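Some notes follow on the coordinates you sent. They are in numbered points, each on one part of the chain.

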Amino acid sequence: DRLEDLGLRMKVAVIGGGIGGLTSAYFLNRDFDVTLFERESRIGGNAHDLHTSDGYDVDIAVAAFGRAGYPNFFRLLDRLGIKSRAVGAAFAAIEDLDSGEGVYISPSWSGLRAQHFALLRPSRLWNLLQLSRGVRKGYKIQAQGGFAGMTVREAIETIPQIRGEGELFLLCSLCLLSSMSGDQVLAAPADFFFEKLAIHNDVISAKSIRSIRTIEGGTQAYVKALAAPLDGRIELESTISTIRRDADGVTLEFEDGSEQRFDKLVLACNADQALALLAEPTELERELLSPWRYMEGPLVVHRDHSAFPPAPLRQGYTFLYRRSEDGGLETSVNGMMRFLAGLPQNYDLIGSQHPNFPIDEKLIEFKTVFRTPIFDFASCATVKRLPELNGTLGTYYCGSHFGHGLHEDGVTSAIGVAEALGVDVWG
């Protein structure tokens, strides 16, 4: 209030340059003097593009979004003037790495021929229909609280319609939606994952043909649009070592001994990183942030097709798996780049997350590691309570962990931060 009386804008530090940090900085910039700090050399988080050796710009991680579960994200795109388009006939395929057998939702003539029309067998069509029925049954059980305390594995065992190929499709879809391994998904809270699937209900649905969309110009289109109003007030490769807070504001201490002072703070980084930065976290911050664990997951962009089915059977997402003797599931999620906007239909790059097969080093275009949250019973128990942290010692929080771990959750929680600080977001 004293600053406003003097005609000055309050200074806000946003730590973290992923979708949550960028969105909060974008909206807060209207009413505050915002500086965004990112420890990496780039902003965007999992919105990561790659300029390939053959001259294309491709999204290698986050790339497609379903209208059913991303209302605030698409509203933000509209505000930014960013257009999207339907992926169209980008279906799914799943194959056993050991046997080479699989299920391929490849309804084109070439795809049907390549699998000897197996997709049209009555038994296979029946299994897919049963999966749809089983998932809808799971939605009802979850809404009634019937999955409380159960793992995904235990929940699936109670739904007879989800078996065999249908179970594999469900689990691979949950791996795609969470960036978690098959074994981690099987051990995760069933109520959380069925709630997530109910919200993002166009993932296992025929309506994905028109609902799942990619961004024209790639994800960097909205990353650049969100960053533009900050006008040079983004500090990359920032080396914040400690955050000290008092009744009058926030001090950021850097590894070189320098300091910067702010009136308010937005922590849009991983929960464990936020907790490690705080010099004196409150008991509530310890309680809600300490349960979170993260996984360092490899992502490899390559042209090694040796572990994959023939080209007509590779779909937008091709899942390769192995079953262990104890019933575990080892999965990899593989995105076929040719389904992205602006790329030729014969484009041969593949983005493999958690690859569970050997890749010829000579055929690797790029590789990196993404840090993603693990949604287990301990972390999921905090999700609905995380907004309680906002306002603590001038500190506010946002990120994809404020929900189900997706872009929509990062955007929605960032909107919550802006509104908590008095910004009329959509006005």
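1. In helix α11, the buried residues are Gln220, Tyr222, Val223, Ala225, Leu226 and Ala227. That makes six of the eight residues in the run 220-227, and the helix is mostly covered. Please keep in mind here and below that the model is predicted.

2. Strand β2 (residues 33-38) is in a similar position to judge by burial: five of its six residues are buried, so the rest of the structure largely encloses this strand. Its pairing with strand β1 (residues 11-15) is parallel and runs over five bridges. One bridge joins alanine 13 to threonine 35, the latter in β2.

3. On cysteines, the search of the whole structure returns zero disulfides. For cysteine 175, the closest cysteine sulfur belongs to cysteine 172 and lies 5.8 Å away, which is too far for a bond; the cut-off applied is 2.5 Å between the sulfur atoms. Cysteine 175 has a relative accessibility of 1% and therefore counts as buried. Cysteine 380 is likewise in no disulfide, and its nearest cysteine sulfur, that of cysteine 175, is 15 Å away. Cysteine 380 is buried as well, with a relative accessible area of 13%.

4. Cysteine 380 comes up again in the second largest pocket. Which residues lie nearest the centre of that pocket? They are Asp191, Phe192, Glu195, Cys380 and Lys384, out of 16 lining residues. The volume is about 300 Å³. Two elements, α9 (190-199) and α14 (377-380), give two or more residues each to the lining. The largest share, three residues, is that of α9. Sorted by class, the lining holds seven nonpolar, five polar and four charged residues.

5. Serine 173 is placed in helix α7, which covers residues 164-178. Is this serine buried or exposed? With a relative accessibility of 8%, serine 173 counts as buried, because the limit for that class is under 20%. Leaving out residues up to four places away in sequence, serine 173 touches Val203, Ile204 and Phe319. Of these, position 319 falls within strand β16, whose residues are 317-323.

6. Strand β16 also contains tyrosine 317. Its relative accessible area is 26%, so tyrosine 317 is partly exposed. What does tyrosine 317 contact, apart from neighbours within four places in sequence? The partners are Ala64, Phe91, Ala92, Ala93, Leu176, Val333, Asn334 and Gly335. For one of them, leucine 176, the separation from tyrosine 317 is 141 residues in sequence and 8.7 Å in space, C-alpha to C-alpha.

7. Tryptophan 109 should be looked at separately. This residue lies in helix α4, residues 109-114. At 57% relative accessibility, tryptophan 109 counts as exposed, because the class begins at values over 50%. Where does tryptophan 109 stand relative to aspartate 98? The two are eleven residues apart in sequence, and their C-alpha atoms are 27 Å apart in space.

8. To check against the coordinates: the absence of any disulfide, the 5.8 Å between the sulfurs of cysteine 175 and cysteine 172, and the lining of the second largest pocket by 16 residues.

Definitions and conventions
Residues are numbered from 1 along each chain as its sequence is written. This is a predicted model: local features need pLDDT of at least 70, side-chain atom pairs count only at pLDDT 80 or more; totals for chains, interfaces and linings use all residues. Side-chain values use heavy atoms; hydrogens and water are left out. Buried means under 20% relative accessible area, exposed over 50%, partly exposed in between (1.4 Å probe, protein chains only). On a 1 Å grid over the protein atoms alone, a cavity is a set of points where a 1.4 Å probe fits but cannot get out, and a pocket is an open set with protein on both sides within 12 Å along at least five of seven lines; lining residues have an atom within 4 Å of a point. Grid points are joined across faces, edges and corners, and a volume is the space filled by probe spheres set on the points. Helices (H or I, at least four residues) and strands (E, at least two) are DSSP runs, numbered from the N terminus. Ala, Val, Leu, Ile, Met, Phe, Trp, Tyr, Cys and Pro count as nonpolar, Asp, Glu, Lys and Arg as charged, and the others, Gly among them, as polar. Contact means heavy atoms within 4.5 Å. Two strands pair if DSSP finds at least two bridges between them.
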